[in-house]
Every structure is written in structure tokens, then in C-alpha cells.
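Reader: I would like a careful look at a single part of this model, set against the chain as a whole, with the reasoning spelled out wherever a number has to be interpreted. Please begin with whatever definition the discussion rests on.

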Amino acid sequence: MALKKLVAGNWKMHGVSVDLAEVRAIADASRQYPQVDVALCVPAILIERAARAVPGFAIGGQDVHSADKGAHTGCVSAHMLLDAGAVLTIVGHSERRDAQRESDSQVQAKAHAALECGLNVILCVGESLEVREAGTAVQTVVEQLDASLPHEPTEEAELAIAYEPIWAIGTGKIPTAAEIGEMHAAIRAQLEQRYGEMGSGVRILYGGSVKASNAKEIFSIADVDGALVGGASLKAEDFLPIVEAAANAG
Ligand code: PEP
């Protein structure tokens, strides 16, 4: 049975007070598509204002610390994100795995901490161009997933996976439909191996240069249960056609 699609925007380091108008526009228009879950992951400092601006709409963070509190300058805990009004967070985005040198085990600890606290998680995995060209993308991503997944799924909050080929992020390039389908099938098999029946209910999003013009095709691929969208999530006029494509994909 097809899972309800989730379309989540990742605003990265974009967004100040004036952009709350865009959050409102996206949230208001998304209500026309109750058959799709829609979320925006905004900079930490904007979470509380965004959540207050659009009650009932899912606002998320882009990272979380694995500890509940302590001497971790500049970091935020799952409890803090929830307290600010977030209902989800991204973990393991390739930009953090690269620039902040986040390891699979750190990503695993972050996902575990967030889920335990009741914060939904989008856990990102994806291969570099070198790995894709070497023909080892599926094996590499499955190993990365295996090492990043929390040991057990929780009842308290939802885990979703985002497959984001690093070479497709912000470049306008995307894998072929067959490549996306092959990777999502491998991720699904790994989730079922790890979590049994619960693994069949974990949503697998595709991310990397998703836009209005390619969303319909991407959402038609088996085991694509939504999208994580960067650049095209910043403006309602770019993001909403992607939400609409997810709604029409059923
Ligand atoms: C992302 O960084 O999560 C992403 C998918 O970016 P973009 O859509 O801009 O490629």
C-alpha cells in the first residue's frame, strides 16, 4: 500500500523575520492538500516564530544534538527544538556530514535522541559523484544507512529516510528514474531487514534538485514516499507545485 507522501522543505541558512510571510503562504496553501504531509525545516533561530505564525503546520529543525543538555556551545537539543515548536528535524544532511565532519555513529545518536524525545526525524543518506561513477552507490548508501539508523524504531515519533545523492544537491542534476528506483528499493529492503514489518512503513524521500518540472516523474517511482526540497522550498510559488504533484501522485 502506498504511504502518504511527505514533502519537506530544507531552508538551510536562509530565512529571517520578513520570510515568515513565505512560511505563511506555504502553510496556508498546503492546507488544500490534506492527502500530503508538508513541513518546513527552517534555521533554528526562526523555529519559534515560524511555529507561532502557522499553528498546526509542521515546522522542523535542520540538526539536533544527541545530548539532552550540557556543555555544547552553539548546539540545540531535541527537547529545545520541541519546546520552540518544532515537530521534526533533519539529521545527517550531507552538508553537515561534510562541513561538520559528522560520522554515521553521531548521526545515529542524534536520530535516536530526537525520536526518544518525541521529535520526528528525516535521516539523510547519499553517495558522492565518485562513488556513483565507480558503480558502488547502492552498496555505499546501504552501508551508510545501516550505520546511521537508530537501533530500534520508536512508537513516540516517526523516522523517515531521505536519499540525497550529494552530486544532485543544488546542481540541477538528478539520477535517472531507474537509479532512484534501485536505490529506494535497496533502502526499503534494508529497513525491513532491520525493523521487520515496521520497516515497510518508514517513508523514503528523494532529495536533490527536486522542482516543479521533475516532481511528477520522481513521485511516480516505486518507494518514493515524498521529497526533501532545498532551493525550491524557499518560495511558495516554487514549492507548492511540488506539493501539488505529490497530492496528484496519490
Ligand atoms: C537539500 O539540500 O536537502 C536539497 C535537496 O537541496 P536542493 O533541492 O536545492 O538540491
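Author: Helices are taken here as DSSP runs of H or I with at least four residues, numbered from the N terminus, and it is in this sense that glutamine 190 lies in helix α8. The model is a predicted one, and what follows takes α8 as the part to be examined, with glutamine 190 as the residue from which to start.

Glutamine 190 has a relative accessibility of 8%, and because buried means under 20%, this residue counts as buried. When its neighbours within four places in sequence are left aside, the residues in contact with glutamine 190 are Val142, Leu145 and Asp146. Helix α7 comprises residues 137-148, and α7 is listed among the elements that cover the buried residues of α8.

The helix that holds glutamine 190 runs over residues 177-195, and its length can be checked against expectation: at 1.5 Å a residue its 19 residues should span 27 Å, and since the end C-alpha atoms are 26 Å apart, the two figures agree. The buried residues of α8 are Ile180, Gly181, Met183, His184, Ala186, Ile187, Arg188, Gln190, Leu191 and Tyr195. An α-helix has 3.6 residues a turn, so residues three or four places apart point the same way. With that in mind, one may read along the buried set and pick out, for example, Ile180, Met183 and Ile187, all of which are included in it. The cover over these buried residues comes from several elements, including strands β5 (120-125), β6 (159-163) and β7 (203-207), together with helices α6 (129-134), α7 and α9 (212-219). Beyond the end of α8 comes glycine 196, whose phi is positive, near 65°.

Helix α5 offers a useful parallel, for it can be examined in the same steps. At 1.5 Å a residue, the 14 residues of α5 (residues 104-117) should span 20 Å, and its end C-alpha atoms are 20 Å apart, so here too the expected and computed values agree. Its buried residues are Val107, Gln108, Lys110, Ala111, Ala113, Ala114 and Leu115, and what covers them includes α3 (78-84), β4 (88-91), α4 (94-99), β5, α7 and β6. Elements β5, α7 and β6 therefore appear in the cover of α5 as well as in that of α8. A glycine with positive phi follows this helix too: glycine 118, just after α5, takes a phi of about 95°.

Those phi values deserve a comment, since most residues other than glycine have a negative phi. Two residues depart from that tendency. Arginine 101, found in the loop between α4 and α5, has a positive phi of about 55° although it is not a glycine, and with a relative accessible area of 63% arginine 101 is exposed. Lysine 12, in the loop between β1 (5-10) and α1 (20-30), likewise has a positive phi, of about 50°, without being a glycine, but lysine 12 is partly exposed, its relative accessible area being 23%.

Returning to the surroundings of α8, glycine 135 belongs to the loop between α6 and α7, two helices that are among the elements covering the buried residues of α8. Glycine 135 is itself exposed, at a relative accessible area of 63%; from arginine 101 it is separated by 34 residues in sequence and, C-alpha to C-alpha, by 24 Å in space.

Finally, the chain as a whole gives the setting for this helix. There are 10 helices and 8 strands in the chain, and because its radius of gyration of 17 Å is close to the 18 Å that the globule rule gives for 250 residues, the chain is as compact as a globular protein of that length. Taken along the principal axes, the C-alpha atoms fill a box of roughly 45 × 45 × 35 Å. Of the 250 residues, 52% count as buried, and among contacts between residues at least 6 apart in sequence, 73% join residues at least 24 apart. The contacts of glutamine 190 with Val142, Leu145 and Asp146 can be read against that background. The accessible surface comes to about 11,200 Å², of which 52% belongs to carbon and sulfur atoms, and the mean positions of the 20 positive and 33 negative charges are 5 Å apart.

Note on methods
Residues are numbered from 1 along each chain as its sequence is written. This is a predicted model: local features need pLDDT of at least 70, side-chain atom pairs count only at pLDDT 80 or more; totals for chains, interfaces and linings use all residues. Side-chain values use heavy atoms; hydrogens and water are left out. The radius of gyration is taken over C-alpha atoms; the globule rule is 2.2 Å times the number of residues to the power 0.38. Buried means under 20% relative accessible area, exposed over 50%, partly exposed in between (1.4 Å probe, protein chains only). Contact means heavy atoms within 4.5 Å. Accessible areas come from the Shrake-Rupley method with a 1.4 Å probe; for residues, only the protein chains shown count as cover. Lys and Arg count as positive and Asp and Glu as negative; His and the chain ends are not counted. The place of a charge is taken as NZ of Lys, CZ of Arg, CG of Asp or CD of Glu. The expected span of a helix is 1.5 Å times one less than its number of residues.
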